[in-house]
Amino acid sequence: MRANKDVITAPDVFEAVFEAHYVEIRRYIGRRLDPDVAEDLAAETFFIAFRQREHFDSAMGGVRPWLYGIATNLIGRHRRAEVRRYRALARTGPPPDDEGHDQRIVDRLSAGVTVDRLAGALARLSKGERDVVLLIAYGGLRYDEVAAALSIASGTVASRLSRARTKLREVLG
């Protein structure tokens with residue numbers, strides 16, 4: 001086990017970890033928060049990971065869930081803004097884009113109601129439920145990876161996901 005810790009502490013190996021996971025972590029954060037914040041929080045995720053690399057324990061899970069856990073904790077610091085954003089989306093619908101007027105109308109008709117309802121439903125979930133749902137949906141993590149990322153038991157992941165699905169079904173039908 002000591003050898004695994006030595007591997008992650010080597011700067012060239014950590015650079016490879018950065019290269020392998022940065023885009024994925026930035027994308028996950030961008031889906032959870034404003035995309036303009038994603039770059040900064042992704043960089044902060046890797047800064048924290050680099051500072052804490054000597055504490056990484058592969059027995060607790062792989063590097064990927066560890067990074068997702070750090071990113072999710074950073075997102076938690078922005079939770080109030082995240083909830084306000086989902087509530088605003090639920091009230092106003094998706095933001096306008098740079099496409100033509102006709103395309104915006106088609107897009108809004110086909111996706112507007114769904115986005116409004118989904119945003120409202122996500123805002124109603126508890127932080128723990130929302131984190132589990134979005135780590136699975138946006139991050140593509142498995143239950144065991146979500147458990148490692150959030151430092152919770154796999155059973156807790158399953159129960160949070162079950163509760164979230166029930167709540168989402170009630171709202172979305």
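**Close-ups around Trp66**

**View 1. Phe56 and Trp66, a pair of rings.** Phe56 is buried, at 5% relative accessible area (buried means under 20%, exposed over 50%, partly exposed in between, with a 1.4 Å probe and protein chains only). Trp66 counts as buried too, at 17%. This is a predicted model, where local features need pLDDT of at least 70, side-chain atom pairs count only at pLDDT 80 or more, and totals for chains, interfaces and linings use all residues. Residues are numbered from 1 along each chain as its sequence is written, and side-chain values use heavy atoms, leaving out hydrogens and water.

**View 2. Tyr28 meets Tyr68.** These two form an edge-to-face aromatic pair, 5.0 Å centre to centre with 70° between the planes (rings of Phe, Tyr and Trp, the last by its six-membered ring, pair if their centres lie within 6.5 Å; planes under 30 degrees apart are stacked, over 60 edge-to-face, the rest tilted). Both Tyr28 and Tyr68 are buried. Back at Phe56 and Trp66, the centres are 4.9 Å apart and the planes at 55°, so that pair is tilted.

**View 3. What does Trp66 touch?** Leaving aside residues up to four places away in sequence, Trp66 touches Phe14, Ala49, Gln52, Arg53 and Phe56 (contact means heavy atoms within 4.5 Å).

**View 4. The largest nonpolar core.** It holds 43 residues, and Ile29, Trp66, Leu67 and Leu135 have the most contacts inside it (such a core is a set of buried Ala, Val, Leu, Ile, Met, Phe, Trp, Tyr and Cys residues joined through side-chain atoms within 4.5 Å).
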